[in-house]
Amino acid sequence: QVQLVESGGGLVQPGGSLRLSCAASGSIFRLYAMGWYRQAPGKQRELVATITSLRITEYGDSVKGRFTISRDNAKNTVYLQMNSLKPEDTAVYYCKADVWVQGGNYPQGYWGQGTQVTVSS
């Protein structure tokens, strides 16, 4: 019913930048909060950043001041600008969206398939 397609991952050197995008499509009645989470090998999935439909943002402590989340409500798309990347930022980055689908009774969370970000020299 809802598809989240992520793009923008890849290999970057320490100190470099990447911009991730996640576009939501499908039977969307209303799109609420969107966000990014990441999971490194052997670790639990953790919050990177979230943004509400009113553009209220929240960031994980490890990315504050380096990453910026934004969204384009007209395109149902969320972005993550990542600057000053560090090797410890290496992970699979997942997009999440809270969506009220057409004909649904309440909002539900949907996940993208993930995009790999590798920070290495």
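The exercises below, with worked solutions, concern a predicted model.

**Exercise 1.** Determine whether arginine 38 is buried or exposed, and state where it is placed.

*Solution.*
Step 1: Arginine 38 belongs to strand 4, residues 28–39.
Step 2: Its relative accessibility is 5%. Buried means under 20%, so arginine 38 counts as buried.

**Exercise 2.** Find the salt-bridge partners of arginine 38 and describe the network around this residue.

*Solution.*
Step 1: The whole structure contains 5 salt bridges.
Step 2: One of them pairs arginine 38 with glutamate 46, at 2.6 Å from N to O. Glutamate 46 is partly exposed, its relative accessible area being 34%.
Step 3: Aspartate 89 also bridges to arginine 38, with 2.9 Å between the closest N and O atoms. Because aspartate 89 sits in the loop between strand 8 and strand 9 while arginine 38 is in strand 4, this pair ties together parts 51 residues apart in sequence. Both aspartate 89 and arginine 38 are buried.
Step 4: Through shared partners, salt bridges link Arg38, Glu46, Arg66 and Asp89 into one network.
Step 5: Beyond the salt bridges, the side chain of arginine 38 makes a polar contact of 2.9 Å with that of tyrosine 93.

**Exercise 3.** Identify the residues with the most contacts inside the largest nonpolar core, and the strand that gives the most to this core.

*Solution.*
Step 1: The core has 31 residues, and Trp36, Leu80, Met82 and Tyr93 have the most contacts inside it.
Step 2: Strand 9 gives the most, with 6 residues.
Step 3: Leucine 80 has contacts beyond its sequence neighbours within four places, among them Trp36, Val48, Phe67 and Tyr93.

Notes:
Residues are numbered from 1 along each chain as its sequence is written. This is a predicted model: local features need pLDDT of at least 70, side-chain atom pairs count only at pLDDT 80 or more; totals for chains, interfaces and linings use all residues. Side-chain values use heavy atoms; hydrogens and water are left out. Helices (H or I, at least four residues) and strands (E, at least two) are DSSP runs, numbered from the N terminus. Buried means under 20% relative accessible area, exposed over 50%, partly exposed in between (1.4 Å probe, protein chains only). A polar contact is a pair of N or O atoms within 3.5 Å; within protein, one must be able to donate a hydrogen and the other to accept it, and residues adjacent in sequence count only if both atoms are side-chain atoms. A nonpolar core is a set of buried Ala, Val, Leu, Ile, Met, Phe, Trp, Tyr and Cys residues joined through side-chain atoms within 4.5 Å. Contact means heavy atoms within 4.5 Å. A salt bridge is a side-chain nitrogen of Lys or Arg within 4 Å of a carboxyl oxygen of Asp or Glu.
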